[in-house]
Amino acid sequence: MEGEALPGISRIRGSPCCSRTLIACARGSARLRHVLGAGSLPGGGPVDLRPLDILAEAVPPNGAAGGIRVTQAHGVRGLQLSAAAPHAVSFPASRIFFRCDLFPEEFSIVITLKVPSLPPKKNEYLFTVVAEEPDALLLGLRYSPTRLHFLFLSQDAAGAWQTRVTFRSPTLMDSQWHTLVLAVSESSFSLTTDCGLPVDIMADVPFPATLSVRGARFFIGSRKRTKGLFTGLVRQLVLLPGSDATPRLCPCRSAELAVLSIPPVLQGPSGRPEDNEVLKYPYETDLKVTLGSRPPCTKAEDAQFWFDASRKGLFLCVGSEWVSVLAAKEKLDYVEEYQSLFTSSETLGIEVFAIPEAGLFVAAANRKATSAIYKWTDGKFASYQNIRTHQAQSWRHFTIGKKVFLAVANFEPNEKGQEFSVIYKWSQRKLRFTPYQRVPTHSARDWEAFEVAGEHFLAVANHREGDNHNIDSVIYKWNPRTRLFEANQTIATSGAYDWEFFTVGPYSFLVVANAFNGTSTKVHSHLYVWLLGSFQLFQAFLTFGAADWEVFRIGERVFLAVANSHSYDVEAQVHNDSYVVNSVIYELNITAQAFVKFQEIPTCSALDWEFFSVGEDYFLVVANSFDGNTFSVNSIIYRWQGYEGFVAVHSLPTFGCRDWEAFRTAAGSYLVYSSAKEPRSHVLRLRTG
């Protein structure tokens, strides 16, 4: 019967006695009924292996054990274990391996956690199984800033040794919740993060078929000692014998919080996770109360509250931003001119961004030889740095680790006829951006920075090469070894104007705005999905001089808005009203697995959409630039009104409006727009009541 599988479970294997021992355990132990399901034993039908909640075994039902605290982060409850003694969050392996002391050869471990940032070379244990005599680590899971390690004891006739299987950069330390599934089958080890694509490793040393846990203990968040204690939050820790747990969890709408089993202490009173009733279990958080100005929101204040007496509001520090929890409903009353930002020439694009410990900035992409960066100082933008550019079209701010970058899209070649765009890096010593890398481009219109599976990318929208608009745009990938961006994929585009990246669940998307194919602005813009290491075509949209895509979410609904700028065909007579065209909002239809048309909005050579919110209201503002006769055209703010869609609520006089950006400061909410027809941008303040 060696290696014989349990009936109905084709993937489980074990030692020469594993199948018989496991069956004997099921016959003799009521405790394993939640591991082995209600199905029959051999001769009477299949056995269903059920998840075993390791965390629930270690934590009392009310969570009130020495040092264990229930803490809420981003609206989700988890357990803080770092103040507890290691033995307080442990239990003997015999509690679940009753009459059977062999750890399953094939299994999955599911863990949901929120991890803190760690200094280099520091490790923390998520869980371990430790033999009492001698004090040996039988198996465990630990992480470092760049690695996740699965450890287990291997042995043969020559002796015993510890084997380590290492997964690189699972992207955990971003102050967000994540759910990991580690599936183990002999020499195969697979890690799935947030229902994404699995990372598979074939190890030289297989997981042992006869790993005895007799006399051992499970330790949650430690290795039986205080060194390496887990300092984050854990919400779920489940062992599933005999199979890969991923199909049970995925797909999932909230993949980072996919649930197989969580302890009662983290569930609502009705037994459902995250019930909205009053908590009945110990709950811990810190509260900041102030009657003065807004306090800083940094890592030190993360998950702490601040009460603003003047606005009668309660705010929660999330990342680097105070998020409203309870407040008098804020409503947009009107928009007022706040600042005229004079620039060296017409401005084609603007980018608002913040640099930790440096401040808030806006980068202006100016038509002439110098573009400028302005810093928010004493409540206004003031000139900060000038950078030489060549008819700059746009800027893109992004970070890689602690490095801060700013990429400019140059439309024209330099004085020597060389055509390239430039990536700049923030110097902490000079407190300025300095040139970092030149990238060959062709009349570049836009950069888009994004991250997929822990790797960093930059996509450039190449508009034309000479008179040819049908050329390749390029996606560059960051090489951590050379610390440079290298060409990774080319995508055929037609007068590309803009890239927009977004994610839906575990899937990553990239959409391009194609504006002109050489004869007509009536061209298809394309949406791509990341599959098997590259972007592949997912959907095509008929657009008319598409200049911008804007993705936004309202509740669980996902929308894509395209700014159509011009209806033109070389074979058709051109009319003045060809600039007055409908721009379109699409909504993701999960059933159809496609974006479908939701609303058409008449626009005047629209060049940009910007989505923002005030209080509980959602808004879209469009950059109307030209109606066929004049550049003095009103740009419109639309408010979300549910079933009615977006309805016009404010009409803003603009001149050659090219780009909108929304931003917030401690003093309030603002909009800034750039003009492609005058050397002046405008900062507008959103007045609320």
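## Salt bridges

In this predicted model, Glu 600 and Lys 597 are joined by a salt bridge in which the closest N and O atoms lie 3.1 Å apart, and Glu 600 itself is partly exposed, with a relative accessible area of 39%. This pair belongs to a structure that holds 15 salt bridges.

Another of these contacts brings together Arg 687 and Glu 336, whose closest N and O atoms are 2.8 Å apart. The two residues come from distant parts of the chain, since Arg 687 sits in strand S48 (residues 680-688) and Glu 336 in strand S21 (residues 332-342), with their positions 351 residues apart in the chain. Arg 687 counts as partly exposed at 30% relative accessibility, and Glu 336 likewise counts as partly exposed, at 24%.

The side chains of Glu 124 and Lys 122 also meet in a salt bridge, with an N to O distance of 3.9 Å. Here Glu 124 counts as buried because its relative accessibility is 0%, whereas Lys 122, at 37%, counts as partly exposed. Elsewhere, Glu 351, Arg 396, Asp 446 and Glu 448 are linked in a network of salt bridges.

## A buried glutamate in strand S6

Glu 106 is placed in strand S6, which covers residues 106-114, and its relative accessibility of 1% means that Glu 106 counts as buried. Its side chain is joined to the side chain of Ser 185 by a polar contact of 2.7 Å.

## Disulfides and other cysteines

The structure holds two disulfides, and, when the bonded cysteines are counted along the chain, they follow the pattern 1-2, 3-4. In one of them, Cys 195 and Cys 250 have their sulfur atoms 1.9 Å apart, and the link is left-handed, with -80° about the S-S bond. Cys 195 lies in the loop between strands S12 (188-193) and S13 (199-202), while Cys 250 lies in the loop between helix H3 (246-249) and strand S17 (286-290), so this disulfide ties together parts that are 55 residues apart in sequence. Cys 195 is buried at 13% relative accessible area, and Cys 250 counts as buried at 19%, given that the cut-off for buried is under 20%.

A disulfide also joins Cys 297 to Cys 317, with an S to S distance of 2.1 Å, and because the torsion about its S-S bond is about 95°, this disulfide is right-handed. Cys 297 lies in the loop between S17 and strand S18 (304-308) and Cys 317 in strand S19 (residues 313-318), so the pair ties together parts that are 20 residues apart in sequence. Both Cys 297 and Cys 317 are buried. Further along the chain, Cys 604 counts as buried at 17% relative accessibility, as does Cys 657 at 0%.

Conventions:
Residues numbered from 1 in each chain as written. Predicted model: local features only at pLDDT ≥ 70, side-chain atom pairs only at ≥ 80, totals over all residues. Heavy atoms only, no water. Helix = DSSP H or I, 4+ residues; strand = E, 2+ residues; numbered from the N terminus. Buried < 20%, exposed > 50% of the residue type's maximum accessible area, 1.4 Å probe, protein only. Polar contact = N/O pair within 3.5 Å; in protein donor to acceptor, adjacent residues only side chain to side chain. Salt bridge = Lys/Arg side-chain N within 4 Å of Asp/Glu carboxyl O. Disulfide = S-S within 2.5 Å.
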